[in-house]
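Reader: I would like a close look at one part of this protein, a charged spot on its surface. Please set it against a residue that carries a charge elsewhere, and against the chain as a whole.

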Amino acid sequence: MATFRKNTRKPRKPARNGKKAPAKRSRTKRGRRRTGRSRLSRFVVPLVLVAAITGVYLLYLDHKVRTGFQGNRHAVPAQVYGRPLELYPGAKISPGQLEAEFQRLGYRKVTYPKRPAAWSRNRDRIIVRTRPFTFWDGQASGRYLDLDFRGGVLNSMVDGKGRPQALVRLETPKVGSIYAAHNEDRVPVDLDEVPEILIGMLISIEDRAFYSHHGVDLKAILRAVWANLKAGGVVQGGSTMTQQLAKNLYLTRKKSLWRKLNEAAMALIIERRFSKDEILTAYLNEIYLGQDGSRAIHGFGLASHFYFNRPLDELDLPKLALLVGIIRGPSLYDPRIHPERAGKRRNLVLDVLHRQGIVTAEQKNRAAKAPLGVVKRGKKGGSGYPAFLDLVRRQMRRDYRPEDLTSEGLRIFTTLDPEIQQQTETALSERLRKLEKRHRLPVGKLEAAAVVARSEGGEVLAVVGGRRAGYAGFNRALDARRPIGSLIKPVVYLAALMLPDRYNLVTKLSDDPIRVGGKDGSVWSPRNFDHKNHGEVPLHLALAKSYNVATVRLGMDVGLKRVLDLLGHLGIDRPVQAIPALLLGAVSLSPLEVAQIYQTFAAGGFRSPLRAIREVQAADGSKLQRYPLTVSQVAPAGSVYLLNRNLQEVVRSGTAKGLSAFLSDQLNVAGKTGTTNDLKDSWFAGFSGNRVAVVWIGRDDNKPAGLTGAQGALRIWGDIMRRTDPVPLDLPRPESVEAVWVDPMSGLRADARCEGAQEFPFIRGSAPDTDASCVAEANDPLSTLFKRIFK
Amino acid sequence: MMIWLIVLALPIGACSTPMRSSPAMRSSSSLPDDRGGSDQSRKGARTSAYEPQASAAIAPQYSLPVAALLEEASRQEAAKDLTAAVGSVERALRIEPRNAHVWHRLASLRMKQGQYGMAVELAAKSNSLAGGDAELVRDNWRLMARGYRAAGDSDSAEAAERKAQAYR
């Protein structure tokens, strides 16, 4: 790599006097001097013209070769990695989940792991040899680990000598790369890291005279022409590796004589400009080896991952032979589509290698019997996680230029948890199908998006941008900004609860009809979803049952400005219109933005900007940047605690009680449903003890989806949580909060003996101080004494 | 007098079950609110005589992997690699996101790095999860006081110091 930069960068400026050019130019000058003689000129003028055109054309080719070499050699896409899996005794991880991780890492299953990147399993025991890996904060050497599982938990972990290990970080799975649209994905390899036998194979199969020719091998061409004439069709190619490189770098795959000439001319130029080692390295990295949707697979590094999900230096003889065999016709010999043909081709390569003395007969025979070893194809486009990668790209763009991102070979360590991502995708697509069936909705019209993040710290674990999650396209999780409906209500209620002198959970709110006048003279009279008036309702019930009218009254009383300011503190920085309808969710946000709001609730009032990236490393391994964990308290812990208790009530007995069909009551999750006019959008946002998640369902054409938040998004949310091992939500009660018995009928202070009395949390000093009548009724001398002590 | 009343009240409380969770029994401690509200803390002081004894300093409790990471952070800190130490503590927080001691550790590293605002926020976060660990709460207030002072906000620094003193 480094040598290329030196060779290619220097001549960039004096491009116009390349080495070949002067010779041509002087010939044309000589031609001009002789133009006086008219006879000669008849021959000379056309000759000169041809020479001049050829000269200019060669200059052009020369320029193309150099810029091409330079551009392609340097354009190394950013490599994107998911989170590393942390292994420690007590970790909630099943043998099956670990197997899935090994598969993502390209570890192979064996009977006993003798070499790195291999593992074996015997029921609840897994033995693995890990690969060495360069993390952002240092090198981790390969390890031998003996793991024992009990009931979905890693029970013990010892090394090769039986010593217990407290914590081991597995390498990070590669989840994609970022490359420019006009460019190709690639995993560049250096000559010294390529298995030696691969070089030998290439030369003996593709270009035996590679080290002696000057770009074109006439003998090979004649040999090929003869062979093709004999066979009556094209059976053999005579192109040198340099010619193939020229073709791959600059030319189309169309076959024509003109292209062949160009190819030869460029091969000659390449040979003059670059050393054999440089050409070989470029060949290894540029040769076309397959197609993955719109993504062309160039180079052995990428092909090795594409076909075997493993780095090139881990490939054995039959796998290398298969790759070399594919060069001749990547679609003809596609081992996934034509395994038999590809196998024959591989064995032909092995035969040639044997004949040339590169492998022994025994090696050949053993390799010829080996299975192809090609892994099942991943999702198209090189990454199974287009929506998450989209988020990574956007967050990176704040700090890096686009060309740095696509060409500097950065290593980006992200927060993506492939396991949670997978479960979220499955939950979403399967549930949508069921919803369409159950509600008799047109098939395939519903769309959805989901975001899952850690409550503490705000690391984004999964992003699903649509029901066909593996395909890049409209990323609804980030770009579908839809009215959020009742998901706004917790913001309104929190704004109120931040005024403990005026509001607590049992404050009476009126749910009687209200008319709100707009500045333009219009009148807005919001109605409840059930079209009923509920009279006077305690504040907590108004949120639990999502009453619109009571909420509008509360919001107008608190003030739109307060609600808007709080929305800003919660991380919504786009301008939001201060209209009364805002109180019922007339604000359009993306699922990601909603997740930011609820993250702050989940973290007790401490906002952490949602992050998809942990660290960035330069191609040479140096540390470039960390995206650290940050928190800032944007709402008092006490008020958020009251709100969260209320959001638990929403799930326990309010609009989200349908969740009990999915999750155990013991989990005590908190959440809120959201539905917009004409059932266009179905939302659910909420959190367990460790994760916050937001789900949206709607249609791309903005027609009614036909589902309320509880009928639609809630179910996907429940599915996601159920599949991803939720931790119960235990809310630590802040010092500023006390629990007080209240008579729900009157909203007055009660004690535990009052019938129907309930205990509610209050900000200290804000609980009602008037006793309910039941307290007096229950009074006898002893309990009066009692109360005096404990009140 | 008071003690006598309690002695009298206890058996009664024991036979009437709902009493266990009566408001007065529940109201936790005399510790003031984490963010201001001195009248509230005075109110708290009134009930303090009936509260369980202030919890003795609890030794920080970590799981094995978290302990290993914090040790690593200490090594990195000793080697003056504060960035790496922060990374290790963040790793620990991913394993135990609600361990107030780990949050405090992160706060002190940020303090050492001169990121005072961040240190103050992290210490406040630690406090929000500290529960009855008075010693930790005091340490957090002290750290916040230093952070405010370093950032030139002496009013907030003094307020934080007063809070710290309340936890002696």
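**A positive patch and a buried glutamate**

Author: R355(A) is exposed, with a relative accessible area of 64%. That figure comes from a predicted model. Because a residue counts as exposed when its relative accessible area is over 50%, R355(A) at 64% falls in that class. In the chain, R355(A) belongs to helix α12, which covers residues 339-355 of chain A.

R355(A) is part of a patch of positive charge on the surface. The other members of this patch are R208(A), K219(A) and R223(A).

E271(A) makes a useful contrast. This glutamate sits in helix α8 of chain A, residues 257-273. Its relative accessible area is 13%, so E271(A) is buried, the limit for that class being under 20%. Leaving aside residues up to four places away in sequence, E271(A) touches H213(A), H214(A) and G215(A), and also T242(A), K276(A) and I279(A).

As for the whole, chain A has 791 residues, of which 56% count as buried; E271(A) is one of the buried residues. The chain contains 26 helices and 32 strands. Among contacts in chain A with a separation of 6 or more, 69% are between residues 24 or more positions apart. The exposed area of chain A is about 35500 Å², and carbon and sulfur atoms supply 52% of it.

In short, R355(A) is exposed and shares a positive surface patch with R208(A), K219(A) and R223(A), whereas E271(A) is buried.

Notes
Residues are numbered from 1 along each chain as its sequence is written. Chains are lettered from A and ligands numbered from 1 in the order in which they are written. This is a predicted model: local features need pLDDT of at least 70, side-chain atom pairs count only at pLDDT 80 or more; totals for chains, interfaces and linings use all residues. Side-chain values use heavy atoms; hydrogens and water are left out. Helices (H or I, at least four residues) and strands (E, at least two) are DSSP runs, numbered from the N terminus. Buried means under 20% relative accessible area, exposed over 50%, partly exposed in between (1.4 Å probe, protein chains only). Contact means heavy atoms within 4.5 Å. Accessible areas come from the Shrake-Rupley method with a 1.4 Å probe; for residues, only the protein chains shown count as cover. Patches are made of residues with over 30% relative accessible area and no salt bridge: like charges are joined within 9 Å, nonpolar side chains (Val, Leu, Ile, Met, Phe, Trp, Tyr) within 5 Å. A salt bridge is a side-chain nitrogen of Lys or Arg within 4 Å of a carboxyl oxygen of Asp or Glu. Lys and Arg count as positive and Asp and Glu as negative; His and the chain ends are not counted. The place of a charge is taken as NZ of Lys, CZ of Arg, CG of Asp or CD of Glu.
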